[in-house]
Amino acid sequence: MGEGFKSSGDIHMPRILAPLAIAALLPLAAQAGTPLEEALAASQDGPLYAFTLNLTADGVTSVMTIDPSKPQGERVTVLSPAEAEWSEDFAKRVENMQENSEGDIWCASLAGNVPADATLVSETDTTATYKYTPVESDDEDDDLNKIVKHLKGTVTVDKVSPGILSLQMVAEKPFKPMAVAKIKKFEMKVACDRAPDGRMHIASLDMSLAGSALMQAFSQSDRQTITDLVELPGTQTGTR
């Protein structure tokens, strides 16, 4: 990914070298874009990773390891709590994760709703922060798209080595994604970190959701952290 070049003062070189230098710079200039465009276009090619997931939900913290290279039903190993202490909701969540953990821990996968023309609101030498109204994504189902259009987003990207550093989406006021449900609070915060291969993975994800459906109130608060990435040999796609 090109980062562009800046010059200060006059640069002198033999005339025979000047055309070669210009030719070398042209591809980089053609690829240059805003820091956000560079981050969204960063390569996502790379291996799968096994990792440790710490999950806090409803006041209970669990620790598990996830290996997406294993067959369905064998990908999640719960280290704590002991199975005898699992609630019915937690058991269902583990079962779902066993079937659907495909190794997609990448921050870029959460950026499908970020428009390339988001508004720059602050900038440093190394980062740029943008505000945006999420757009519908072809990669998400209709139910999720019904929610994101009611949210406002903020994304911070790395200007030096293109990638997403953090992302937040929040509902500024209550909304009804469907006739029988009302969301009174929605907030998602994601912090990203670099995997050994340089891609940005989800380091932490905090989600708060409250509202009502079919005349019943609900409230949910989750925190997930991903650590201890271990590259899985023979995988080069980033997901199964």
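**Exercise 1. Find L214 in this predicted model and say where it sits, what is notable about its phi angle, and whether it is buried or exposed.**

Step 1. Start with the place: L214 is found in the loop between β10 and β11.

Step 2. Look at the backbone. Phi of L214 is near 50°, which is a positive value in a residue other than glycine.

Step 3. Now check the surface. The relative accessible area of L214 is 62%, and the cut-off for exposed is over 50%. L214 is therefore exposed.

**Exercise 2. Do the work again for M215: which loop holds M215, and what is its phi?**

Step 1. M215 lies in the loop between β10 and β11.

Step 2. Phi of M215 is near 70°, again a positive value in a residue other than glycine.

Step 3. With a relative accessible area of 81%, M215 is exposed.

**Exercise 3. Which kind of peptide bond, cis or trans, runs from S80 to P81?**

Step 1. Read the omega angle from S80 to P81: omega is near 0°.

Step 2. That peptide bond is cis.

Step 3. To place the bond on the fold, note that P81 is found in the loop between β3 (76-80) and α3.

**Exercise 4. Describe the disulfide: which residues does a disulfide join, and what parts of the chain does the pair tie together?**

Step 1. Count first. The model has 1 disulfide.

Step 2. Name the partners. The disulfide joins C107 to C192, with an S to S distance of 2.1 Å. The cut-off is within 2.5 Å, and the pair meets it with 2.1 Å.

Step 3. Give the handedness. The angle about the S-S bond is -115°, and the link of C107 and C192 is left-handed.

Step 4. Place both ends. C107 lies in the loop between α3 and β4 (119-123), while C192 lies in strand β9, so the pair ties together parts that are 85 residues apart in sequence.

Step 5. Check accessibility, where buried means under 20%. C107 has 2% relative accessibility and counts as buried. C192 is buried too, with a relative accessible area of 13%.

**Exercise 5. Work through three of the salt bridges: which residues pair, and how far apart are the N and O atoms?**

Step 1. Recall the idea: side chains of opposite charge can pair when their charged atoms come close. The count for this model is 7 salt bridges.

Step 2. Take K159 and E123. Their closest N and O atoms are 2.8 Å apart. K159 lies in the loop between β6 (152-158) and β7 (163-170) and E123 in strand β4, so the pair ties together parts that are 36 residues apart in sequence. Both ends are partly exposed: K159 has a relative accessible area of 28%, and E123 has 45%.

Step 3. Take D158 and R194. Their side chains meet in a salt bridge at 3.3 Å, N to O. D158 lies in strand β6 and R194 in strand β9, so this pair ties together parts that are 36 residues apart in sequence. D158 is buried at 14%, whereas R194 is partly exposed at 28%.

Step 4. Take D197 and R199. The closest N and O atoms of this salt bridge are 3.0 Å apart. D197 is partly exposed, at 33%, but R199 is buried, at 4%.

**Exercise 6. Where is V160, and what separates its C-alpha atom from that of T126?**

Step 1. V160 is in the loop between β6 and β7.

Step 2. V160 and T126 are 34 residues apart along the chain, and their C-alpha atoms are separated by 5.8 Å.

Step 3. V160 counts as partly exposed, at 47% relative accessibility.

**Exercise 7. Describe the largest pocket: how much space lies in it, and which element gives the most to its lining?**

Step 1. About 1600 Å³ of space lies in the largest pocket.

Step 2. The lining has 42 residues, and the closest to the pocket centre are L110, L144, L205, M207 and Q224.

Step 3. Elements that give two or more residues to the lining include β1 (49-57), α4 (142-148) and β10 (200-213). β11 gives the most, with 5 residues.

Step 4. Sort the lining by class: 25 residues are nonpolar, 10 are polar and 7 are charged.

How values were computed: Residues are numbered from 1 along each chain as its sequence is written. This is a predicted model: local features need pLDDT of at least 70, side-chain atom pairs count only at pLDDT 80 or more; totals for chains, interfaces and linings use all residues. Side-chain values use heavy atoms; hydrogens and water are left out. On a 1 Å grid over the protein atoms alone, a cavity is a set of points where a 1.4 Å probe fits but cannot get out, and a pocket is an open set with protein on both sides within 12 Å along at least five of seven lines; lining residues have an atom within 4 Å of a point. Grid points are joined across faces, edges and corners, and a volume is the space filled by probe spheres set on the points. Helices (H or I, at least four residues) and strands (E, at least two) are DSSP runs, numbered from the N terminus. Ala, Val, Leu, Ile, Met, Phe, Trp, Tyr, Cys and Pro count as nonpolar, Asp, Glu, Lys and Arg as charged, and the others, Gly among them, as polar. Buried means under 20% relative accessible area, exposed over 50%, partly exposed in between (1.4 Å probe, protein chains only). A salt bridge is a side-chain nitrogen of Lys or Arg within 4 Å of a carboxyl oxygen of Asp or Glu.
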